[in-house]
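I keep these notes for anyone who opens this structure without having seen it before. I went through it place by place and wrote down what I looked up.

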Amino acid sequence: MIQSIRGFRDILPGETELWQYIEKEAISVFSDFGFKEIRIPVMEKTELFARSIGEDTDIVEKEMYTFPDRKGDLLTLRPEATASVVRSYIQQKIYAADPAQKFYTIGPMFRRERPQKGRYRQFYQINAEIFGVAEANADALLIFMLMTLLKRLQVTDIEAHVNSLGCPECRPTFRNALIAFLSDRAEALCADCTRRMDKNPLRVLDCKVPGCREAATGAPAITDHLCTECADHFETLKASLEGLDVPFVVDKRLVRGLDYYTRSTFEILTGALGAQNAVAGGGRYDGLIKLLGGPDLPATGFAIGLDRLAELVPTKAESLVRHPDIYIAALGEKSLGLAFQWICTLALSSIRAETDYSGRSLKSQMKRADRLDAAYTLIVGEQEIENGAAVLRNMKTSDQQEISLENLPKTLADIIGA
Ligand code: AMP
């Protein structure tokens, strides 16, 4: 038997109902905020991710699914969506008509991380991006929209963490201060952090290895090194969130794993998921559109982890499962043929009907009706066909009524639809 690949899983009926519900709510909330869907390929040229995410990140260094296609071009299964959305915005010149655009996209991402609970190699994200708006209010709107969705889904036990990562003007001062601080504690750092310390010291703040966490205690805070513009931007973000009644904590250690972030950065954390405690993360990436060959336009966005969100939503998938409205137990060849026609016709009136295709015994058909939790049953045998009528039974109330077989789909649609 061929098994699925490690870290790649099936999402089965019984669970997919919940995923559909979440996606539906997300689409509804996002569209209320004026976001439009964009669909992007799952595979891109490797260069797109290497350039945008950054060579010295975990993702690019060791987590991408990269392979040469038959002509030798290096391709990568997308590890995140932002780079592709930006690529599309530039390639399709979407900015030409109006640089200010709001997009969302939903789909699978691929990272070769060590699989564990809440961490998969194929996982799903819901992304939202705002392009062409530099003001902190765009970041506040994203966080507000994200919290609105989580509230709509009745997710509790969450906390919004925010920070600022500064800009290319002020980050170097902070970097130097951080490198100076970490150099004194270099022996305590893990091999990855030691290697990356000079190029990407912010990553040490993000490292989950206990030694690194301890070594980073008391590290300088980037918010103490912001230039005036970045400091003002951060103040505006906080004031906007307060104005919108969004509770948040300023988290000085919050940095993001990807190089392209500037200024506002945020994460939604939960106490309910154990080690994998981030449900969503995002922030501003003002330099990315230009870096990828587009105009010099600002951008900001977030990604929700759908696999993790599904764990947090209290709605039970079972309550969303659609059970048959009616089970038609058919006995004898003629009944089987009629029942088959009826179930097809009923579906056109949005009545979900089931029947047996092979003419099994009444007992086994009724067992199946029970197992499927059908709301009504109708038994149609040779006798019923002869009489032109059959007994419709409401399985909940046990009420029975005789109905004519003539125009049966219409009669059933009237009774069940009511
Ligand atoms: P990132 O793109 O790394 O900022 O991740 C955004 C969100 O995607 C995280 O907050 C997680 O909820 C989710 N996520 C990231 N990596 C994984 C993974 N390997 N498995 C499941 N969810 C993930």
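The entries below follow the order in which I looked.

**Entry 1: the model.** Before anything else I note that this is a predicted model, and I read every value below with that in mind.

**Entry 2: the ligand and its shell.** I began with the ligand and asked which residues surround it most closely. I found that 14 residues surround the ligand, and that the closest are R111, E113, Y120, R256 and A278. I then looked up individual polar atoms, and saw that a polar atom in the side chain of R111 is 2.8 Å from an oxygen atom of the ligand, while for a polar side-chain atom of Q125 the distance to a ligand oxygen is 3.1 Å. With A278 the atom concerned belongs to the backbone, an N or O atom that lies 2.9 Å from an oxygen atom of the ligand. As for cover, the ligand on its own has 490 Å² of accessible area, and the protein covers 90% of it.

I also wanted to know which strands supply the shell, and I wrote down strand 6 (122-131), strand 10 (278-284) and strand 11 (299-305), each of which supplies at least two residues. Strand 10 gives the most, with three residues. When I sorted the shell by residue type, I counted six nonpolar, three polar and five charged residues.

**Entry 3: N163.** Next I turned to N163, which I located in strand 7, a strand made of residues 158-164. Is N163 buried or exposed? I put N163 down as buried because its relative accessible area is 0%, which falls under the 20% that marks a buried residue. Leaving aside residues up to four places away in sequence, I listed what N163 touches: I222, T223, F234, D251, K252, R253, L254, R263, S264 and T265. Two residues of that list, D251 and L254, came up again when I looked at the polar atoms of the N163 side chain. The backbone oxygen of D251 lies 3.3 Å from one such atom, and the backbone oxygen of L254 lies 2.9 Å from a polar atom of the N163 side chain. For a sense of distance across the model, I also noted that N163 and K367 are 204 residues apart in sequence and that their C-alpha atoms are 58 Å apart in space.

**Entry 4: cysteines.** I asked how many disulfides a search of the whole structure finds, and the count is zero. C167 is in no disulfide, and the nearest cysteine sulfur, that of C230, is 3.5 Å away. I noted C167 as buried because its relative accessibility is 10%. Why is the sulfur of C212 not bonded to the closest cysteine sulfur, in C190? The two sulfur atoms are 3.7 Å apart, and therefore too far for a bond, given that a disulfide needs sulfur atoms within 2.5 Å. C212 counts as buried too, at 0% relative accessibility.

**Entry 5: T57.** I found T57 in the loop between helix 2 (46-53) and helix 3 (58-63). T57 is a loop residue that nevertheless counts as buried, since its relative accessibility is 0%. A polar atom of the T57 side chain lies 2.8 Å from the backbone oxygen of G54.

**Entry 6: A389.** I placed A389 in strand 15, which consists of residues 389-394, and entered A389 as buried because its relative accessibility is 13%. Beyond residues up to four places away in sequence, A389 touches E384, E402, I403, S404 and L405. The C-alpha atoms of A389 and F67 are separated by 64 Å, and along the chain these residues are 322 apart.

**Entry 7: positive phi angles.** My last entry concerns backbone angles, and I remind myself that most residues other than glycine have a negative phi. D373 is not a glycine, yet has a positive phi of about 60°. I found D373 in the loop between helix 15 (362-371) and strand 14 (376-380), and I call D373 partly exposed because its relative accessible area is 44%. S398 is not a glycine either, and its phi is positive at about 65°. S398 sits in the loop between strand 15 and strand 16 (400-404) and counts as partly exposed, at 38% relative accessibility.

Conventions:
Residues numbered from 1 in each chain as written. Predicted model: local features only at pLDDT ≥ 70, side-chain atom pairs only at ≥ 80, totals over all residues. Heavy atoms only, no water. Helix = DSSP H or I, 4+ residues; strand = E, 2+ residues; numbered from the N terminus. Buried < 20%, exposed > 50% of the residue type's maximum accessible area, 1.4 Å probe, protein only. Contact = heavy atoms within 4.5 Å. Polar contact = N/O pair within 3.5 Å; in protein donor to acceptor, adjacent residues only side chain to side chain. Near = heavy atom within 4 Å. Areas by Shrake-Rupley, 256 points an atom, 1.4 Å probe, with all protein chains shown as cover. Nonpolar A, V, L, I, M, F, W, Y, C, P; charged D, E, K, R; others polar.
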